[in-house]
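Dear colleague,

I am handing over the structure we spoke about, and it is placed just below so that you can keep it open while you read. After it come my notes on what was found, beginning with a single pair of residues and working outwards from there.

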Amino acid sequence: MKRRDFIKTPLIVAGATMLGKVGMVSGLSGVAHAADIAFTPQTNEGTHMEHTLPPLPYAQDALAPHISQETIEYHYGKHHNTYVVNLNNLIKGTEFEAMSLEDIILKAPAGGIYNNAAQVWNHTFFWNGMKPNGGGAPSGPLAKAITEKWGSFEEFQKAFQAAAAGNFGSGWTWLVKKADGSVDIVNTGAAGNPITSGDKPLLCVDVWEHAYYIDYRNQRVKFLEAFANNLINWDFAGGNFTG
Ligand SMILES: [Fe+2]
């Protein structure tokens with residue numbers, strides 16, 4: 001099967017399975033496109049949970065010119081998909097093969113199984129945190145929490161951009177909800193995920209070079225500006241905050 005066929009057609013239903021598994025705990029179930037799909041975990045002989053590449057919540061060219069179709073084809077179609085394939089191969093015959101994605105992230109030791117599980121989860125969350133004609137500012141309880149933390153949305157934006165620009169090497173920058181209900185910015189390296197520290201992810205940006213190199217070459221800051229001004233889905237982040 002050619003790569004493009006693999007991306008486009010057979011994964012819609014199967015992909016919903018993993019999105020459902022993520023959504024059960026993280027709030028992704030609030031995503032509009034996922035709400036209409038029944039979540040039935042795929043199993044193999046009752047013990048092996050096959051993880052699948054979730055469908056994108058928009059067309060592959062929908063974020064252009066801020067994120068090009070070519071970037072999506074590589075980042076989603078190759079990088080994200082490879083994490084899914086690697087995870088399924090690594091968990092075969094282990095105690096992790098019947099676990100949900102989130103349980104693997106919480107229970108696996110540092111190493112390949114954790115890394116691939118977290119990268120599957122992180123990328124799904126990243127895709128859902130963007131939309132065509134996104135950006136702008138949040139409203140409602142999340143807007144209030146951001147103002148309480150940073151004084152204004154503008155100051156939050158500066159802090160988030162600075163954290164993401166300064167996140168050394170490959171990693172992720174997150175807006176999270178703390179256990180006390182306040183919000184904060186967290187940088188993680190490599191395949192880090194804030195749920196392992198007890199924080200609830202609200203929004204994230206991927207700062208691995210593969211996220212921006214095709215469109216912005218080495219200019220991570222330009223990618224971050226496009227993310228903030230044109231791509232962030234604040235409804236998604238706000239739903240995670242109140243959900
Ligand atoms: Fe990535």
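Trp172 stands opposite Thr188, a residue of strand β4. Please bear in mind throughout that this is a predicted model.

The pair just named belongs to the contact between β3 and β4, two strands that run antiparallel and are joined by 7 bridges. In the hairpin that β3 and β4 make, 5 residues lie between the strands, and Gly181 there takes a positive phi near 95°. On its other pairing, β3 (residues 171–177) meets β5, again in the antiparallel sense, over 6 bridges; within that pairing, Leu175 has Leu203 of β5 as its bridge partner. Taken together, 3 strands make an open sheet with the order β4-β3-β5 and antiparallel pairing. Since β4 (183–189) and β5 (200–206) each have a single partner strand, they stand at the edges, and one side of each is therefore left without a neighbour in the sheet. On average, and with direction ignored, neighbouring strands of this sheet are turned by 25° against each other.

Leu175 also leads from the sheet into the interior, as it is among the residues that touch the most other members of the largest nonpolar core, a set of 55 residues; the others are Ile105, Ile113, Ala117, Val205 and Ala237. Helix α6 (residues 112–128) gives this core its largest share, namely 9 residues. Because domain 1 (3–55 + 68–128) and domain 2 (140–242) both give residues to the core, it lies between them. As for Ala117 itself, if residues up to four places away in sequence are not counted, Ala117 touches Leu87, Leu101, Ile104, Ile105 and Ala108.

Two further residues may be worth following in your viewer. Where does Trp234 sit, and is Trp234 buried or exposed? Trp234 is in helix α11 (residues 234–242), and it counts as buried because 21 other C-beta atoms lie within 10 Å, where the cut-off for a buried residue is 20 or more. Apart from its neighbours within four places in sequence, Trp234 is in contact with Gly136, Ala137 and Pro138. Between Trp234 and Leu202 the C-alpha to C-alpha distance is 9.3 Å, although the two are 32 residues apart in sequence.

Ala143, in helix α7 (residues 140–150), is in contact with Ala137, Pro138 and Phe153, once neighbours within four places in sequence are left aside. With 16 other C-beta atoms within 10 Å, Ala143 is partly exposed. Ala143 and Phe153 are 10 residues apart in sequence, and their C-alpha atoms are 7.5 Å apart in space.

For the protein as a whole, there are 11 helices and 5 strands, and 40% of the 243 residues count as buried. Among contacts between residues at least 6 apart in sequence, 65% join residues that are at least 24 apart.

Finally, a word on confidence. The mean pLDDT of the protein is 86, with 81% of the residues reaching 70 or more. Over residues 1–46, however, pLDDT stays under 50, and for this stretch the model has 68 contacts beyond four places in sequence. Where pLDDT is low, the predicted coordinates should not be read in detail.

With best wishes

How values were computed. Residues are numbered from 1 along each chain as its sequence is written. This is a predicted model: local features need pLDDT of at least 70, side-chain atom pairs count only at pLDDT 80 or more; totals for chains, interfaces and linings use all residues. Helices (H or I, at least four residues) and strands (E, at least two) are DSSP runs, numbered from the N terminus. A residue is buried if 20 or more other C-beta atoms lie within 10 Å of its own, exposed if 12 or fewer, and partly exposed in between; C-beta atoms are placed from the backbone. Two residues are in contact if their C-beta atoms, placed from the backbone, lie within 7 Å. A nonpolar core is a set of buried Ala, Val, Leu, Ile, Met, Phe, Trp, Tyr and Cys residues joined through C-beta atoms within 7 Å. Domain bounds come from an automatic or database domain assignment. pLDDT is the predictor's confidence in each residue, from 0 to 100. Two strands pair if DSSP finds at least two bridges between them. Axes are lines fitted to C-alpha atoms, for helices over the stretch in contact, and angles run from 0 to 180 degrees between N-to-C directions.
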